[in-house]
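Biologist: Could you take me through this one slowly? I'd like to ask how you know each thing as we go.

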Amino acid sequence: MQYVKYPAKSEWASLLSRPTMDNSNLFDLVRNVLNDIRTRGDEAVKEYELKFDKVQLNALQVSEQEIKEAEAIVSNDLKEAILLAKENITKFHAAQDQPLPCVETMPGVKCWQKAVAIERVGLYIPGGTAPLFSTVLMLAIPAKIAGCKEITLCTPPNKEGKVHPAVLFAAKAAGVNRIFKIGGVQAIGAMAYGTESVPKAYKIFGPGNQYVTAAKQLVSLRDVAIDMPAGPSEVEVIADETANPVFVASDLLSQAEHGVDSQAICVTTSEELAEKTMAEVDRQLALLPRKEIAEKSVSHSKIILVKNIDEIVEMSNEYAPEHLIISTKNYMEIAERIVNAGSLFLGHYTPESAGDYASGTNHTLPTNGYAKAYNGVNLDSFRKKITYQEISQAGLQTIGNAIETMAENEQLFAHKNAVTLRLKK
C-alpha cells in the first residue's frame, strides 16, 4: 500500500486517479459484439458465452426446475440472512414512495406529476470471482416496489452452465420474472436489443467490469436507458486519532478483495493511525482467502496523510468516492460538508459491508468520480415522472398574455395563435 505524506495540491489529481486497464481497443471490441448480437440474436449470444464464459448452452433461460433445486441447496442460515436483508431493503425503498403534490401556480393553473413504473427493466448481476446475490436484492426489490411489470435478470453461468444457487434464491425472493445465463457484453446486448429468448428492456441496471460499463454506455446512445456507468468498486476512509486501525484496515480490504482494479484510499490527519493501519493491512491481507486479488488492488491503493480536516473535506469532494466511511470523533460535522459521494458510512461501527448487504440502503452506486453528478440506485430509478397541467378559462386569461408575448418574441406564431384563439372565444 502506498503511503503519501502531506501531498501538495498540485499532486492531488494524479494521486486520486483510478487504476485503469489498457482500453485502447475496448470500445471497438464491445461495439463489434453488440452489433453481432443485434443481428443474430440468441445464436450470437450462445457463441459469445462459449468464447467468454467457456460454457456451451442449449437454453439461455434458467428453468423452474433449476430454481427449485437451488432453493434446496442454499443453507438455512444464508436463506435467513437474505430474507433479513430483503426486509430492510424493502423498508428503506418503500419509504421513498411519497405522494407528489398538485401545485396551483396561479388561480386556475394546476400542475402536477405522476410517478409511473418503467414497464420492462433488465438487471445485470456480475459473476466473475464472487456470486453477488446481494446485488440481486438491491436491484430487484426496488423494481418490484416501483411496479415494474417485467423484471429480467442476466448473470454469467459457471462452466457447467449453472447459476449460483444463492443468486437464484435471491432472485425468486425478490420477484424477478425471468433469469438468463448470460454474462458480460453479450448480456447487455441481449437486454438492449432483445433476442428470440431475452425480452428487450427499456432500462438496464447493474455494475460490471470495464467491458460491461462500455457496453452500457454504447447501448445507451440510442437503444436503451441505463442507471449509471458503474465500474470497479472503490472506498475512501476518513480517519482521525480516535479511529481503530484494525477497523480501518478491514474496511480498506473489504473493497480491495472485490477485484484487481478496485481501489481503497484512507485519508487521515494522524501519522500514528496511518502507520498502524499500514501494518494492520499487511497482517489481515495475509489471512484472506482472496489474498491474490486483494494484493493487486492494495498495490495501487493509498494512505494519505494531510494537515487538517479542511484538506480532508476538499480532497474527498474532489475524489467523489463510491463509498465514504467517516471514522472520526466529529463525523457528522464532516458529513455535512461532503457534497460528492455515493453513500456515506458514519462512525466507528458502521462498516461499508453493512450497506453492501443488509442495512437497507442500496449498494449500486456511481464510481470513477461519477458521484459528482450521479446518485445511487433508488426507487425513482425504476420510475419516470409524467407531468400534467390543467388550465381553466380564468387561468388562461391570467397567463395568456405572457404566453403570447413570449411566443411572439421567439417568432413562434403558431404557439401564440394557440392561445389567442382560445382567448378570443
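**Starting at K110**

Modeller: Leaving out residues up to four places away in sequence, K110 touches C102, V103, E104, Y388, Q389 and E390. Before we go on: this is a predicted model, where local features need pLDDT of at least 70, side-chain atom pairs count only at pLDDT 80 or more, and totals for chains, interfaces and linings use all residues. Residues are numbered from 1 along each chain as its sequence is written, and side-chain values use heavy atoms, with hydrogens and water left out.

Biologist: What makes those residues "touch" K110?

Modeller: Contact means heavy atoms within 4.5 Å. C102, V103, E104, Y388, Q389 and E390 are listed for K110 on that basis.

Biologist: Why is K110 called partly exposed?

Modeller: Buried means under 20% relative accessible area, exposed over 50%, and partly exposed in between, using a 1.4 Å probe and protein chains only. K110 has 37%, so partly exposed is the right label.

Biologist: Where is K110 found?

Modeller: K110 is in strand β3, residues 109–117. Strands here are DSSP runs of E with at least two residues, helices are runs of H or I with at least four, and both are numbered from the N terminus.

Biologist: How do you know that β3 is paired with β2 and β14?

Modeller: Two strands pair if DSSP finds at least two bridges between them. β2 (residues 102–106) has four bridges to β3, and β14 (residues 383–391) has nine, so both pass the cut-off. Both pairings are antiparallel. C102 has W112 as its bridge partner in β3, while C111 stands opposite Q389 in β14. In the hairpin of β2 and β3, with two residues between the strands, G108 takes a positive phi near 85°.

Biologist: How far apart are K110 and I391 in sequence and in space?

Modeller: They are 281 residues apart in sequence, but 6.3 Å apart in space, C-alpha to C-alpha.

**Salt bridges**

Biologist: What makes K9 and E314 a salt bridge?

Modeller: You need a side-chain nitrogen of Lys or Arg within 4 Å of a carboxyl oxygen of Asp or Glu. K9 and E314 are at 2.2 Å, N to O, so they qualify. This pair links distant parts of the chain: K9 lies in the loop between β1 (2–5) and α1 (12–15), E314 in helix α13 (residues 309–319), and they are 305 residues apart. K9 is exposed at 52%, whereas E314 is partly exposed at 37%.

Biologist: Why is E280 called buried?

Modeller: E280 has 12% relative accessibility, under the 20% limit, so buried fits. Its salt-bridge partner R283 has closest N and O atoms at 2.5 Å. R283 is partly exposed, at 45%. The two are three residues apart in helix α11 (residues 271–285), which means about one helical turn between them.

Biologist: How many salt bridges are there in the whole structure?

Modeller: A search finds 23. Among them is K385 with D380, at 3.0 Å, N to O. Also, D36, R40, E43 and E47 are joined into one network by salt bridges that share partners.

**The nonpolar core**

Biologist: What makes a group of residues a nonpolar core?

Modeller: A core is a set of buried Ala, Val, Leu, Ile, Met, Phe, Trp, Tyr and Cys residues joined through side-chain atoms within 4.5 Å. The largest one here has 39 residues, and V121, L123, L137, I179 and F382 have the most contacts inside it. Helix α6 (133–146) gives the most to this core, with nine residues. I179 is in contact with residues including L60, V62, L153 and L168. A second, separate core of 31 residues includes L34, C154, A192 and V198.

**The open sheet**

Biologist: Why are β6 and β8 called edge strands?

Modeller: Five strands form an open sheet in the order β6-β5-β4-β7-β8, with parallel pairing. β6 (178–181) and β8 (225–226) are the edges because each pairs on one side only. β5 and β6 share four bridges, and T155 stands opposite K181 in β6.
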